[in-house]
Structure formats: C-alpha cells, structure tokens
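Please examine the structure shown below together with its sequence. The paragraphs that follow move from a strand to its partners, and then to the charged side chains.

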Amino acid sequence: AELWDHILPELTALGGQVEQKGQRGEHLVGIRLDDTFDREKLSALLKENQVYVSLRGSSIRVSCHLYNEKKDMERLLDCFRKAKHESSPIFLNKSL
C-alpha cells in the first residue's frame with residue numbers, strides 16, 4: 001500500500017483512474033486509462049523499462065509484491081508521464 005501512496009496523486013492527476021483504497025486490493029490494482037494516453041507508446045515504454053503489467057483493453061493491471069520498491073513504482077509512473085499525448089492539457093501545463 002505504501003508503494004501506491006507514493007505515486008497515486010500524480011498518476012491520477014495524469015489521468016489514470018484508480019479505485020479508492022477501500023475498494024481495491026493492496027497488491028493488485030487496475031488503472032483505467034483515459035484518451036490522453038498513447039496506449040501503444042505506453043505499452044512500448046513499459047516493456048522497454050522492464051515494467052511487467054497486464055494490459056487489458058483501456059486498463060492496466062499492476063501487481064505489486066514484497067520485492068517491489070519505490071524505484072519500481074517510479075519507473076511505472078515515468079512510463080505514464082512519457083505516454084501522454086502531447087496535445088493533452090496536463091502535458092501542456094508544466095506547473096502540475
């Protein structure tokens with residue numbers, strides 16, 4: 001849970017939709033992607049950065065375990081950052 005607490009605020013600000021803490025598992029989390037993400041680019045970035053997740057249509061299933069660390073979650077978040085469409089408002093507003 002602490003691993004998610006570290007990245008969830010920015011992940012949701014980027015447009016990833018995640019169930020509230022009481023409505024999702026501690027280690028298995030689904031992230032719904034809105035249209036501001038380039039899904040193909042995200043898939044390539046995840047693979048390139050050795051971030052192993054399950055892509056499910058417009059969602060991604062992430063399973064964290066004891067051996068995952070904050071740096072792993074930061075790699076995941078970085079892939080989301082880089083997969084934003086350049087025309088999306090969040091990409092254009094660098095102050096967020």
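Along strand S4, which side chains are buried and which are not? The model under discussion is a predicted one, and strand S4 covers residues 59-63. Its side chains alternate between two faces. Ile60 and Val62 point to one face and are buried. Ser59, Arg61 and Ser63 point to the other face and are not buried.

Strand S4 belongs to a wider arrangement. The protein has 4 helices and 4 strands, and these elements follow one another along the sequence in the pattern α-β-β-α-β-β-α-α. Of the 96 residues in the protein, 34% are buried. The accessible surface amounts to about 6,200 Å², and carbon and sulfur atoms contribute 51% of that surface. Among contacts with a separation of 6 or more, 62% involve residues 24 or more positions apart.

The pairing of the strands may be considered next. S2 and S4 run antiparallel and are joined by 5 bridges. Within this pair, Val29 stands opposite Val62 in S4, and Val62 is one of the residues on the buried face of S4. Strand S3, residues 54-56, also pairs with S4 in the antiparallel sense, here over 3 bridges. In this second pair, Arg56 stands opposite Ser59 in S4; Ser59 points to the face of S4 whose side chains are not buried. S3 and S4 form a hairpin with 2 residues between the strands. In that hairpin, Gly57 takes a positive phi near 65 degrees.

Ser54 offers a closer view of strand S3, in which this residue is found. Its relative accessible area is 18%, and Ser54 is therefore classed as buried, the cut-off being under 20%. The side chain of Ser54 is joined to that of Arg56 by a polar contact of 2.8 Å. Leaving aside residues up to four places away in sequence, Ser54 touches Ser59, Ile60 and Arg61. These three residues lie in strand S4, where Ile60 points to one face and both Ser59 and Arg61 point to the other.

The charged side chains form a further theme. Side chains of opposite charge can pair when their charged atoms come close. The whole structure contains 8 salt bridges. One of them is formed by Glu10 and Arg81, whose closest N and O atoms are 2.7 Å apart. Glu10 lies in helix H1 (residues 2-14) and Arg81 in helix H3 (residues 70-82), so this pair ties together parts that are 71 residues apart in sequence. Both partners have intermediate accessibility: Glu10 counts as partly exposed at 34%, and Arg81 is partly exposed at 27%. The two residues also take part in a network of salt bridges that links Glu10, Glu74, Asp78, Arg81 and Lys82.

A second salt bridge involves the strands. Glu19 pairs with Arg32, and their closest N and O atoms are 3.3 Å apart. Glu19 sits in the loop between strand S1 (17-18) and strand S2 (28-32), whereas Arg32 belongs to strand S2 itself. The two residues are 13 residues apart, and the pair links distant parts of the chain. Glu19 has a relative accessible area of 31% and is partly exposed; Arg32, with 34%, is partly exposed as well.

A third salt bridge lies within helix H3. Here the side chains of Asp72 and Arg75 meet, with an N to O distance of 3.1 Å. The two residues are separated by about one helical turn, because they are 3 residues apart in helix H3. Their accessibilities fall into separate classes: Asp72 is buried, with a relative accessible area of 17%, while Arg75 counts as partly exposed at 32%.

The cysteines complete the survey. A disulfide is a covalent bond between the sulfur atoms of two cysteines. The structure holds 0 disulfides. Cys64 counts as buried at 9% relative accessibility, and Cys79 counts as buried at 1%.

Conventions:
Residues numbered from 1 in each chain as written. Predicted model: local features only at pLDDT ≥ 70, side-chain atom pairs only at ≥ 80, totals over all residues. Heavy atoms only, no water. Salt bridge = Lys/Arg side-chain N within 4 Å of Asp/Glu carboxyl O. Buried < 20%, exposed > 50% of the residue type's maximum accessible area, 1.4 Å probe, protein only. Pairing = 2+ DSSP bridges. Contact = heavy atoms within 4.5 Å. Areas by Shrake-Rupley, 256 points an atom, 1.4 Å probe, with all protein chains shown as cover. Polar contact = N/O pair within 3.5 Å; in protein donor to acceptor, adjacent residues only side chain to side chain. Disulfide = S-S within 2.5 Å.
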